[in-house]
Amino acid sequence: MSQLEKKAGLLRRTSSSKKPLKEKVVLMYDEIFAKEDPAKNNPRFWDELFLMKVNLEYLESKLESVDGEEVQRIQDNINSLFHHCVQALGEEHQIKVVNALQTLCALFRGVHQKNKSTSGFDIINMLMGFDKAEQRMKDLMERLDSLLCGDGSESLKSLCLKLLLCLVTVTDNISQNTILEYVMINSIFEAILQILSDVSSRGQHGYDAVVLLALLVNYRKYESVNPYIVKLSIVDDEPTLDGMGMVVHQALTEYNRQYKDKEEEHQGGFFSTLTSMVGSMFIADADEKLSVQTNEAILLALYEAVHLNRNFITVLAQSHPEMDIPTTPTTLTPTTPTTPLGTTPPSLDMMNNPELPLDPNLQTSNLLITFLKYASIVMQDTKDEHRLNSARLCLIILTCIAEDQYADAFLHDDNMNFRVNLHRMPMRHRKKAVDKNIPSRPLVCAVLDLMVEFIVTHMMKDFPMDLYLRCVQIIHKLLCYQKKCRIRLHYTWRELWSALINLLKFLLSNETTLLAKHNIFHLALLVVNLFNMFITYGDTFLPTSNSYDELYYEIVRMHQVFDNLYCMVLRVSTNTGQWKEAASKVTHALINVRAIVNHFNPKIESYAAVNHISQLSEEQVLEVVRSNYDTLTLKLQDGLDQFERYSEQPKEAAFFKELVRSISLNVRKNVSLNTLSQGILLKEFSTIS
């Protein structure tokens, strides 16, 4: 028996010597793939076809298997099938609409599989014919728009979105999918917004709508004017923006909750007993098991909203009670059993109830807090490519937030305090933070904590230079805002200073290895300039004069690191080589740090000698510092409070191109035959005539 016959679905065997009978729908497909017009001898052929349950596998396989000559021979029939599918979408008979939508899915997938090596124009010709393509796609998009915006079945709306996701992701690179030109011309942007603005439809279709929008925004975004980018950038409708934020928030919350459940599962039971018996030798293994799959699609949607739409920033700040999403499965948004953690739409119960009563005893949350918690999970382990991409995207989103004036005002608002429980990587030299000990502070403190956490935990052989650069730049942008607005943030700055000094120490210890891959002098320059920001402008944003004293204490205490860095950059800058210029910039940047070290060290040694003390206490050193400020001379350095604003093109273009490719492949895999829920749909509409 041929492969196609195996997939055809057999009714029965008449006898061992006879061939098995095929389903009627399979026989009708065979007629379409014959040379003759199938409606020639049966005028009701197309009406009958769309009353039959679709055999997706057989139809796709048949399309994939036809050779070049056959394509020419049956093209008229394929064009006719596409045309009648679009016509059937306008039928009152819901079974026909369901079958037409699923047939279109099979057509898009099958033709693209068949034509993987050929151009998009060949695909358009095979599906619709060049001369009729524009009208056919206009009709299709209008029918889909009508189904999405109408008062019809929610299941049909879900299937429409699945069809659109299937259409968008049939090619690995969505910008090579020329059919999407018609989706640009015949926009469904308003339909997507309507889904997001309505509480009920958002609960059932919001996830697919947001992912679809994120993908459409990335179609040829650097090559031509993309109408979805233009329209998204000017949306100012509050319910719509809130709806988009709610979908992203619930998807991230669901991931955070499932991660927390897994974490608690690993900490309990036999595993916990075993680790307490044999020490921490298995900590790394446990951590690997917690590396659940990330959700780049929803992160991309959040990025596009934050990056393109200034009005969306307000959505990040909207508070509501923090609660776990119920884990009760729902049949309204069916997903495959193998769907990875973090990529499924969230539970409907929360999505349908955005307005919740505020309990004064309940901790409040918002999209930004949920995002920071999510980022703290995915940024723990960057060895896996997906998690590395997620970490990079999280830092890009934070970069956009740190540059926005409204976001900065909210982050630093002393009247808006939150308790943010970030996830921290298990490390042998520190205890796990207890949730109750986390103070309620302005949100910028949580952002700084996240940056410090990353800096401390990723000094490793496979050094993520790009992520470190982004972390340090985010810190710098936040400091620039604090300096500009004279905000005295009550933060444990010493932890940040200590993390930055240890980072410099790591760069020095691994100079040879790191220089083979990275320009470590650029990172060193950014770190040293952070210290210069504190030295030059610290009196305008550090909370107390004591904080300023502590800064000098840390610089003097760790002077050996700065001395070693100076020796290294001086050596490199005085030799000819590719790093000469980069190293000389660090040499210049170290002027004030070295002035502080050279000024205070002799004073401290003199104080110790006069008072016959072998080792000074911290308070004694601080006393020397306070009493010798007047004689310290520093040089004013220009541009410390200036930064280059984020720009996606051209620096990030390659990253987003690969990211969208990866998301597209994942979405294509998840919009599988199972997610089309054929059985459920047919059962739902079987009583409708």
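## A pair within helix 28

Glu554 and Arg557 sit 3 residues apart in helix 28, so about one helical turn separates them. Their side chains meet in a salt bridge, with 3.0 Å from N to O. The model is a predicted one.

The two partners differ in exposure. Glu554 has a relative accessible area of 5%, which makes this residue buried because the cut-off is under 20%. Arg557 is partly exposed, at 45%.

## A link from helix 32 to helix 28

Helix 28 takes part in another pairing. The side chains of Arg626 and Asp549 form a salt bridge at 2.8 Å, N to O. This pair joins distant parts of the chain. Arg626 belongs to helix 32, residues 618–626. Asp549 belongs to helix 28, residues 545–557. The two residues are 77 residues apart.

Is Asp549 buried or exposed? Asp549 is buried, with a relative accessible area of 5%. Arg626 is partly exposed, with a value of 36%.

## A link from helix 4 to helix 6

Glu60 and Arg109 also meet through their side chains, in a salt bridge of 3.1 Å from N to O. Glu60 lies in helix 4 (residues 56–65) and Arg109 lies in helix 6 (residues 94–114), so the salt bridge ties together parts 49 residues apart in sequence.

Both ends of this pair are out of the open. Glu60 is buried, with a relative accessible area of 12%. Arg109 is buried too, at 13%.

## The wider set of salt bridges

How many salt bridges does the count come to? The count is 34 salt bridges. In general, side chains of opposite charge can pair when their charged atoms come close.

Some pairs share partners. Arg44, Asp47, Glu91 and Lys96 are joined into one network by such salt bridges.

## Helix 5 against helix 6

Helix 6 also packs against helix 5, which covers residues 68–88. The angle is about 150°, and the axes are 9 Å apart. Why is helix 5 called roughly antiparallel to helix 6? The angle of about 150° is over the cut-off of 145 degrees, so the two helices count as roughly antiparallel. Their crossing is left-handed.

Helix 5 brings Gly68, Val71, Ile78, Leu81, Phe82, Cys85 and Ala88 to the contact. Helix 6 brings Lys96, Val97, Ala100, Thr103, Leu104, Leu107, Phe108 and Lys114. Lys96 is also a member of the salt-bridge network with Arg44, Asp47 and Glu91. By type, the contact residues of helix 5 and helix 6 are 11 nonpolar, 2 polar and 2 charged.

## Helix 24 against helix 27

Helix 24 (residues 465–485) packs against helix 27 (residues 520–541) at an angle of about 15°. Their axes are 10 Å apart. Angles under 35 degrees count as roughly parallel, so helix 24 is roughly parallel to helix 27. This crossing is left-handed.

Residues from both helices make the contact. Those from helix 24 include Met465, Tyr468, Leu469, Val472 and Ile475. Those from helix 27 include Ile520, Leu523, Leu526, Val527 and Phe534. Polar residues take part as well: among them are Gln473 and His476 of helix 24, and His522 and Thr540 of helix 27. Lys483 of helix 24 is in the contact too. The contact of helix 24 with helix 27 divides into 16 nonpolar, 5 polar and 1 charged.

Conventions
Residues numbered from 1 in each chain as written. Predicted model: local features only at pLDDT ≥ 70, side-chain atom pairs only at ≥ 80, totals over all residues. Heavy atoms only, no water. Salt bridge = Lys/Arg side-chain N within 4 Å of Asp/Glu carboxyl O. Helix = DSSP H or I, 4+ residues; strand = E, 2+ residues; numbered from the N terminus. Buried < 20%, exposed > 50% of the residue type's maximum accessible area, 1.4 Å probe, protein only. Axes fitted to C-alpha atoms, helices over the stretch in contact; angles between N-to-C directions. Parallel < 35°, antiparallel > 145°, perpendicular 65-115°, else oblique. Left-handed = near helix turned anticlockwise from the far one by under 90°. Contact = heavy atoms within 4.5 Å.
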